[in-house]
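Reader: I'd like to go through this one with you and ask where the labels come from. Could you show me the structure before we start?

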Amino acid sequence: MDTAQFVDDLDKRVARAAFGEPVEVLPSLYLVRVPLPDNPLKAINSYVVLGDGDETTIVDVGFNHPACERALGDALAVLGRSWEGVRIVLTHSHPDHTGNLDRIWQPGMPVFANLHSFQEVKNLMALEEAVYGPLLLQAATLEQQSAMTFTDEGPRLHVSAELLPLESYPVFTYVADGDRIACGPYTFEVVETPGHDAWHICLYERSRRLLIAGDHVLERITPSVSSWFPASNALAAFLSSLEKVGDLEVDLILPAHGRPFTGLRERVSFLLGHHRERLEEIYGLVRAGHDDIVSISQHATWRYPDWKSWPLDQKFFSMGETLAHLIYLVREGRILQGICGDEYYFRMPYDRKNVALAKQ
Ligand SMILES: [Zn+2]
Ligand SMILES: [Zn+2]
């Protein structure tokens, strides 16, 4: 069977599968759809690899939500496995990939991640909050402001329980570029792919030419990339992580959302092109005189019009994206960043020629 036909057949079987019903991708390697209730992504794909004895590796685990716990429990039961033999691999820190650990983790269960401890994630979130708090207030309509929480640290976005960071503190086994994780008949190489998340990894099975891609490369969705301060140039990291996986020999991409697909190089060049265009658009807005994040986000082109009327969480994500592009341009030296009070502003660099002309 050629790859296109294989993917087509797999796609049909995935589409028919209920949540928690394992779909065989290759021998001992299963895709399990785990629901993400009340979330636009609808589901996450966990990948389950059967090893010797009872050893079972699960890549990404879903939200902190009973429906996610149930789906993985059902999948293990169908596969004749128990939680006792489970090892977890996390592609990154986001709550749709990690939150369920608060439910399923038990002492002794190994967790592999590009993180030493979840405290690292919480530390970064605290730093970011200091930047986006004032921005949210500025971006919110009066009605949205009344729905925000105000703490000593500033304004906060209301988030539902399953979106909160991990509370439990499992001991993580730190994995980095080039480390190998053997699972049953497969050996996955860890490929660090920071960008969508600072701790993102993909898992590459070189001999099978397959890539468990997490949220780094998805078939239809453009993975979100956000930065909230100049020390974190997430877009530069994301673009070089795209080039890095674009160089791998891959026939099948197993993403965390949406369908398995082929054509990694094409998808990578589409995403690179998308961000290059976006950088020019954002640069053009700064050149036209838009100097703050709210104004630049509001005037950028998005899939949905009328930015001002968007829900506050969508404004939050779009401002994070805008800022990631702005920081990239600042680091390239194409625009300048200043700080006024606790807010950033952006402008074109000092231009000698213009100053000389103005004097004449
Ligand atoms: Zn993610
Ligand atoms: Zn995700």
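Author: Here we go: the protein has 11 helices and 16 strands. Bear in mind that this is a predicted model.

Reader: What makes the radius of gyration agree with a compact globule?

Author: A compact globule of 360 residues would come out near 21 Å, and the protein has 22 Å, so the value agrees. Along the principal axes, the C-alpha trace spans about 80 × 45 × 35 Å. Buried residues make up 40% of the 360. As for contacts with a separation of 6 or more, 63% of them join residues 24 or more positions apart.

Reader: How do you know that Ala67 is partly exposed?

Author: Count the C-beta neighbours. Buried takes 20 or more within 10 Å and exposed takes 12 or fewer. Ala67 has 16 inside 10 Å, so it counts as partly exposed. You'll find Ala67 in helix H2, residues 66-78. Leaving aside neighbours within four places in sequence, Ala67 is in contact with Pro35 and Pro37. Val34 is 33 residues from Ala67 in sequence, but their C-alpha atoms are 7.8 Å apart in space.

Reader: And why is Ser28 called partly exposed?

Author: Ser28 has 17 other C-beta atoms within 10 Å, which makes it partly exposed, since buried starts at 20 and exposed stops at 12. Ser28 is in the loop between strand S1 (23-26) and strand S2 (29-35). Its phi is near 70 degrees, a positive value in a residue other than glycine.

Reader: What makes Lys42 partly exposed?

Author: For Lys42 the count is 13 other C-beta atoms within 10 Å, hence partly exposed; exposed would need 12 or fewer. Lys42 is not a glycine either, yet has a positive phi of about 70 degrees. Look for Lys42 in the loop between S2 and strand S3 (43-50).

Reader: Now the sheet. Why are S10 and S14 called edge strands?

Author: The order in this open sheet of five strands is S10-S11-S12-S13-S14, with mixed pairing. S10 (180-183) and S14 each pair on one side only, and that is what makes them the edge strands. From one strand to the next, the twist averages 25 degrees.

Reader: How do you know that S10 and S11 pair?

Author: Pairing takes at least two bridges between two strands. S10 and S11 (residues 186-192) are joined by four and run antiparallel, so they qualify under that rule. Ala182 stands opposite Thr187 in S11. The hairpin of S10 and S11 has two residues between the strands, and Gly184 there takes a positive phi near 50 degrees.

Reader: Which way do the strands run in the rest of the sheet, parallel or antiparallel?

Author: S11 and S12 are antiparallel, over four bridges, and Val191 has Cys202 in S12 as its bridge partner. S12 (residues 201-205) and S13 are also antiparallel, over three bridges, with Tyr204 opposite Leu211 in S13. S13 and S14, however, run parallel and are joined by four bridges. There, Ile212 has Leu254 in S14 as its bridge partner.

Reader: What makes you say both faces of S14 are covered?

Author: Leu252 and Leu254 are buried on one side, and Ile253 and Pro255 are buried on the other.

Reader: Why are H7 and H10 called roughly perpendicular?

Author: Angles of 65 to 115 degrees get that name. H7 and H10 pack at an angle of about 90 degrees, with their axes 7 Å apart, and are therefore roughly perpendicular to each other. Ala234, Leu235 and Ala236 of H7 make the contact with Ala324, His325, Tyr328 and Arg331 of H10.

Reader: Last one: how do you know that the span of H8 is close to the expected one?

Author: Helix H8 (residues 264-287) has 24 residues and reaches 35 Å from first C-alpha to last, against 34 Å expected at 1.5 Å a residue. Buried residues in H8 include Leu264, Val268, Leu271 and Arg278. Among the elements covering the buried residues of H8 are strand S13 (210-214), helix H7 (234-246), strand S14 (252-255) and helix H10 (312-332). Just after H8, Gly289 takes a positive phi of about 105 degrees.

Conventions:
Residues are numbered from 1 along each chain as its sequence is written. Chains are lettered from A and ligands numbered from 1 in the order in which they are written. This is a predicted model: local features need pLDDT of at least 70, side-chain atom pairs count only at pLDDT 80 or more; totals for chains, interfaces and linings use all residues. The radius of gyration is taken over C-alpha atoms; the globule rule is 2.2 Å times the number of residues to the power 0.38. Two residues are in contact if their C-beta atoms, placed from the backbone, lie within 7 Å. The expected span of a helix is 1.5 Å times one less than its number of residues. Axes are lines fitted to C-alpha atoms, for helices over the stretch in contact, and angles run from 0 to 180 degrees between N-to-C directions. Angles under 35 degrees count as roughly parallel, over 145 as roughly antiparallel, 65 to 115 as roughly perpendicular and the rest as oblique.
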